[in-house]
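Hi,

Here is the structure I said I would pass on. Have a look at it first, and then read my notes below.

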Amino acid sequence: MIKLFSLKQQKKDEESAGGTRAGAGGKKASAAQLRIQKDINELNLPKTCEIVFPDQDDLLNFKLIISPDELVLCGLCVSLLQEPNPEDPLNKEAAEVLQTNRRLFEQNVQRSLRGGYVGATYFERCLK
């Protein structure tokens, strides 16, 4: 009986000294927590990706934010705008302007890429 109590005390002493505990909560780190900590430390994300941990102590729940590469996105926009097809438009209003007033269409393209309003629609700045 005494040996059982001494083992319990020894275990408590190890736990209070740090041992294999995870954080201030005093809970043992699960295999999943240890694995994800290792994986996160070795993670090499591209500049267009970001991981956000709302709770720094809970590594199993996170948000992955993926942003398009602005240069690629702008290049695609410019490519589409340089060769618009008014017969099969993605934006019917823009196609109408292209067919009736090409100069206004070009101004609208520039305004949208530099950031600003075209009609009632606001566009974020895409060109530097």
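**Salt bridges, a helix and a patch**

D39 forms a salt bridge with R35, and their closest N and O atoms are 3.1 Å apart. Before you zoom in on that pair, please keep in mind that this is a predicted model. D39 and R35 both belong to helix α2, which covers residues 31–42, and because they sit 4 residues apart there, about one helical turn separates them. As for how open they are, D39 counts as partly exposed at 31% relative accessibility, while R35 is exposed, with a relative accessible area of 52%.

How many salt bridges does the structure hold? The count is 3, so here are the other two, starting with K38 and E42, whose side chains meet at 3.2 Å, N to O. K38 and E42 are also in helix α2, 4 residues apart, which puts about one helical turn between them. K38 is partly exposed, its relative accessible area being 45%, and E42 counts as exposed at 54%.

The remaining pair takes us to helix α5. There, the side chains of E106 and R102 meet in a salt bridge at 3.4 Å, N to O. Once again the partners are 4 residues apart in the helix, so E106 and R102 are separated by about one helical turn. Both count as partly exposed: E106 has 41% relative accessibility and R102 has a relative accessible area of 46%. As a general point, side chains of opposite charge can pair when their charged atoms come close.

**More on helix α5**

While you are at α5, it is worth following the whole helix. It runs over residues 102–114, 13 residues in total, and reaches 18 Å from its first C-alpha to its last, close to the 18 Å expected at 1.5 Å a residue. Which residues of α5 are buried? They are F105, N108, V109, S112 and L113. Looking down the axis of α5, you will find these buried residues within an arc of 125°, so they line one face of the helix. Just after α5 comes G115, which takes a positive phi of about 95°.

Some of those buried residues turn up again in the largest nonpolar core. That core has 5 residues, namely L98, F105, V109, L113 and C126. Helix α5 gives the most to this core, with 3 residues.

**Out on the surface**

Now turn to a nonpolar patch on the surface. It is formed by L43, L45, F62, L64 and I66, which together have about 460 Å² of accessible area. One of these, L64, has its place in strand β4, residues 63–66. Is L64 buried, partly exposed or exposed? At 48% relative accessibility, it counts as partly exposed.

F62, also part of that patch, leads on to I51. I51 and F62 are 11 residues apart in sequence, and their C-alpha atoms are 6.7 Å apart in space. I51 has its place in strand β3, residues 49–52, and with 22% relative accessibility it counts as partly exposed; the cut-off for buried is under 20%.

If you want a route through the model, start with the pair D39 and R35 in α2, move on to the buried face of α5, and finish at the nonpolar patch that includes L64.

Cheers

Conventions:
Residues are numbered from 1 along each chain as its sequence is written. This is a predicted model: local features need pLDDT of at least 70, side-chain atom pairs count only at pLDDT 80 or more; totals for chains, interfaces and linings use all residues. Side-chain values use heavy atoms; hydrogens and water are left out. Helices (H or I, at least four residues) and strands (E, at least two) are DSSP runs, numbered from the N terminus. The expected span of a helix is 1.5 Å times one less than its number of residues. Buried means under 20% relative accessible area, exposed over 50%, partly exposed in between (1.4 Å probe, protein chains only). The arc is that of the directions from the helix axis to the C-beta atoms. A nonpolar core is a set of buried Ala, Val, Leu, Ile, Met, Phe, Trp, Tyr and Cys residues joined through side-chain atoms within 4.5 Å. Patches are made of residues with over 30% relative accessible area and no salt bridge: like charges are joined within 9 Å, nonpolar side chains (Val, Leu, Ile, Met, Phe, Trp, Tyr) within 5 Å. Accessible areas come from the Shrake-Rupley method with a 1.4 Å probe; for residues, only the protein chains shown count as cover. A salt bridge is a side-chain nitrogen of Lys or Arg within 4 Å of a carboxyl oxygen of Asp or Glu.
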